[in-house]
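Please open the model in your viewer and keep the sequence beside it, since this tour moves from one selection to the next. Each stop names what to select and then describes what is there.

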Amino acid sequence: MPAGRRLQISVQYTGKRGELPKKRQVRAWARAAMTAPGKRGGQITVRFVEADEAQRLNRDYRRRDYATNVLSFPYALKPLLCGDLVLCAPVVAREAAEQGKLLAAHYAHLIVHGMLHLQGYDHEHSAQQAAEMERRERKILAALGYPDPYAECVQRLESENEV
């Protein structure tokens, strides 16, 4: 594959690496999520941050003053995909624990989710777009060997409502 058609992925760690995914895992998840027709190449940076940086970025760019799990910053869709993904390690770890998910599965889901945002998918504008994005996420994660992240949440909510 010509150099311009490769997906180059830079992975940055700003805090303790502890339970963060390895670079090879991050790259595999991101490449698996390149689903847009004709998309194969580009430059993506995946950055793992602490809560203060995630909150600052979310506040400054989305006007939401809290640390969120993943932020997507697309710079270009054509001719190559360029952008950044920022994952807040403490938020991701807390969510995985609260939802009873394996940490690696939750990271995989959020990287796939963020990569779809970088490719132009959006779940906030219509129910149809949200359904399409979730369908793609489920398909990609299943191919990677991870469970459906939405089914787990639904099952847990149903069991909590039975109590």
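A residue is called buried when its relative accessible area is under 20%, exposed when it is over 50%, and partly exposed in between, with a 1.4 Å probe and protein chains only. The model is predicted, so that local features need pLDDT of at least 70 and side-chain atom pairs count only at pLDDT 80 or more, while totals for chains, interfaces and linings use all residues. Residues are numbered from 1 along each chain as its sequence is written, and side-chain values use heavy atoms, with hydrogens and water left out.

Begin by selecting strand β2, residues 42-49, where six of the eight residues are buried, leaving the strand mostly covered. Strands are DSSP runs of E with at least two residues, and helices are runs of H or I with at least four, numbered from the N terminus.

Next add strand β1, residues 7-13, which pairs with β2 in the parallel sense over seven bridges; pairing requires at least two DSSP bridges between two strands. Here Q8 has Q43 of β2 as its bridge partner.

Now select strand β4, residues 81-88, which runs parallel to β2 and is joined to it by eight bridges, with L87 of β4 as the bridge partner of F48.

Finally, select helix α1, residues 23-32, together with helix α4, residues 103-118. The contact between them (heavy atoms within 4.5 Å) involves V26, W29 and A30 of α1, and A104, Y107, A108, I111, V112 and M115 of α4.
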